[in-house]
Amino acid sequence: MTDVDVLSEDAPLDLRLSDAELEAHREHITTFIRDTVAAAGADGAVLGLSGGIDSTLTAFLAVEALGEDGLHGLIMPSVANAEDMMSDAEAVAEMLGITYDVVEIQPIAETFFNTFPEAANDRMAAGNVYVRARGVLNYFVANHENCIVLGTGNRAEAMTGYFTKYGDQAVDCNPVGNLYKQQVRQLAAHVGVPEGLVMQTPSAEMWSGQTDEKELGLTYDVIDAVLALHIDGPLSASATVRNFDITEAQIERVVELYEQSAHKRSMPPAPPSLDR
Ligand SMILES: Nc1ncnc2c1ncn2[C@@H]1O[C@H](COP(=O)(O)OP(=O)(O)OC[C@H]2O[C@@H]([n+]3cccc(C(=O)O)c3)[C@H](O)[C@@H]2O)[C@@H](O)[C@H]1O
Ligand SMILES: Nc1ncnc2c1ncn2[C@@H]1O[C@H](COP(=O)(O)OP(=O)(O)OP(=O)(O)O)[C@@H](O)[C@H]1O
Ligand SMILES: [Mg+2]
């Protein structure tokens, strides 16, 4: 059992898995990665390493599935990345013994910014350029090396739409895509990710000082709980409020994020065929 406490003291719902359940997830996800690479006829996988827990856990599981020669890590700093996050990303690559490259994306992004200077000061539009530039580079390397691109998205991000459309979501599969954020941390501790990385503050690093929870206005413990109880689960909003330390406003916010991001979870629609 891990001795890392991955749950905040005031989390409304404890989603921690038992050791046996964690082992089952580990086996299930590594088999998934191996099968997905084989089904694609690929020689391995590429993934972006940020020093954050989602990419660190995905990298650990991918090396278990594919071996160290099966994974190519890309570390892609912009001016918005904290230096210690980038050195954590390098430490993860070194720890795992995988091939990795550090690719500075600031000059790439600046080319976009100079093309439309009026958009360059739009924090969100510009931040999304960094995220999408990383997606282009992942596929540049994957095409060349006959690899697939591993995504790192978890269930809390997918259900709230907390990702960039055709950016970090532009991937071939999401191995940890069914785990809530609490469970990502817990599986990471279980497979041996060092504690300092497990407990890293989640950030997209699209601008300096950004953190997921500040931007979302919710903690992941609350998001996980509302998803598990109400959106994925069977409880009504009122039963969730009555029985757990969750407010109506928090539920409304998660439901709003979920509904407004439906377009990010489906293929781009076309009008139905006209009757002839
Ligand atoms: N109803 C609708 N039907 C069809 N398409 C719709 C649409 N509403 C917007 N759109 C399209 O979607 C675009 C907006 O979506 P998008 O471009 O993704 O941009 P947006 O959702 O505005 O921003 C991305 C969000 O994800 C967060 N993020 C991004 C990357 C990584 C991470 C992380 O955790 O590491 C977090 C970021 O902080 C921000 O909150 C619009 O410009 C429009 O093109
Ligand atoms: N500087 C970077 N270099 C390489 N890849 C990156 C970088 N920043 C983000 N990414 C990629 O985008 C993904 C999405 O970012 P996200 O912040 O959601 O995940 P994370 O950093 O792994 O974990 P956390 O959400 O806890 O910060 C990362 O997992 C990683 O694959
Ligand atoms: Mg991050």
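Biologist: Just to pin it down, two residues are in contact if their C-beta atoms, placed from the backbone, lie within 7 Å. With that in hand, what do the buried residues of helix H11 pack against?

Modeller: Keep in mind that this is a predicted model. In it, the buried residues of H11 pack against H7, H8, H10, helix H12 (237-243) and helix H13 (248-260).

Biologist: How many residues of H11 are buried?

Modeller: 11 of the 12 are, so H11 is largely enclosed by the rest of the structure. Among the buried ones are Tyr220, Asp221, Val226 and His230.

Biologist: You mentioned H8. Is that one mostly covered or mostly open?

Modeller: Mostly covered: helix H8 spans residues 181-190, and 10 of its 10 residues are buried. They include Lys181, Arg185 and Ala188.

Biologist: And what covers the buried residues of H8?

Modeller: The cover includes helix H1 (19-39), H2, helix H7 (155-160), helix H9 (195-198) and helix H11 (220-231). Just past the helix, look for Gly192, which follows H8 and has a positive phi, near 100 degrees.

Biologist: Switching to strands. How does E2 pair with E1?

Modeller: Strand E1 (residues 44-48) and E2 run parallel, with 4 bridges joining them. For one pair to click on, Val46 has His72 as its bridge partner in E2. Between those strands the chain goes through helix H2 (residues 53-66), making a right-handed β-α-β crossover.

Biologist: What about E2 and E3?

Modeller: Those run parallel too, with 4 bridges joining E2 to strand E3 (residues 99-102). Leu74 has Asp101 as its bridge partner in E3. This time the chain crosses through helix H3 (residues 83-96), and the β-α-β crossover from E2 to E3 is right-handed.

Biologist: Which residues of E2 point which way?

Modeller: Leu71, Gly73 and Ile75 point one way, while His72 and Leu74 point the other. Both sets are buried, and the strand, residues 71-75, is mostly covered.

Biologist: Now the core. Which residues touch the most other members of the largest nonpolar core?

Modeller: That core has 68 residues, and the ones touching the most other members are Ala45, Leu49, Leu57, Ala62, Ala188 and Val226. H2 gives the most to this core, with 9 residues.

Biologist: Pick Ala62. What is Ala62 in contact with, away from its neighbours in sequence?

Modeller: Leaving aside neighbours within four places in sequence, Ala62 is in contact with Ile33, Ala45, Leu47, Leu71 and Leu150.

Biologist: On to the ligands. Which residues come nearest to ligand 2?

Modeller: There are 22 residues around ligand 2, and Gly48, Gly52, Ser55, Thr152 and Pro202 come nearest. E1, H2 and E2 are the elements that give two or more residues to this shell, and H2 gives the most, with 3.

Biologist: What's the mix by class around ligand 2?

Modeller: The shell around ligand 2 has 9 nonpolar, 8 polar and 5 charged residues.

Biologist: And which residues are closest to ligand 1?

Modeller: Val131, Thr164, Lys165, Ala204 and His263 are the closest of the 15 that surround ligand 1. Two or more residues come from each of helix H6 (123-145) and helix H10 (212-216); H6 gives the most, with 3 residues. By class, the shell around ligand 1 divides into 6 nonpolar, 4 polar and 5 charged.

Key
Residues numbered from 1 in each chain as written. Chains lettered and ligands numbered in written order. Predicted model: local features only at pLDDT ≥ 70, side-chain atom pairs only at ≥ 80, totals over all residues. Buried ≥ 20, exposed ≤ 12 C-beta atoms within 10 Å, placed from the backbone. Pairing = 2+ DSSP bridges. Right-handed = clockwise from strand over helix to strand, strands pointing away. Near = placed C-beta within 6 Å. Nonpolar A, V, L, I, M, F, W, Y, C, P; charged D, E, K, R; others polar. Core = buried A, V, L, I, M, F, W, Y, C linked by C-beta atoms within 7 Å.
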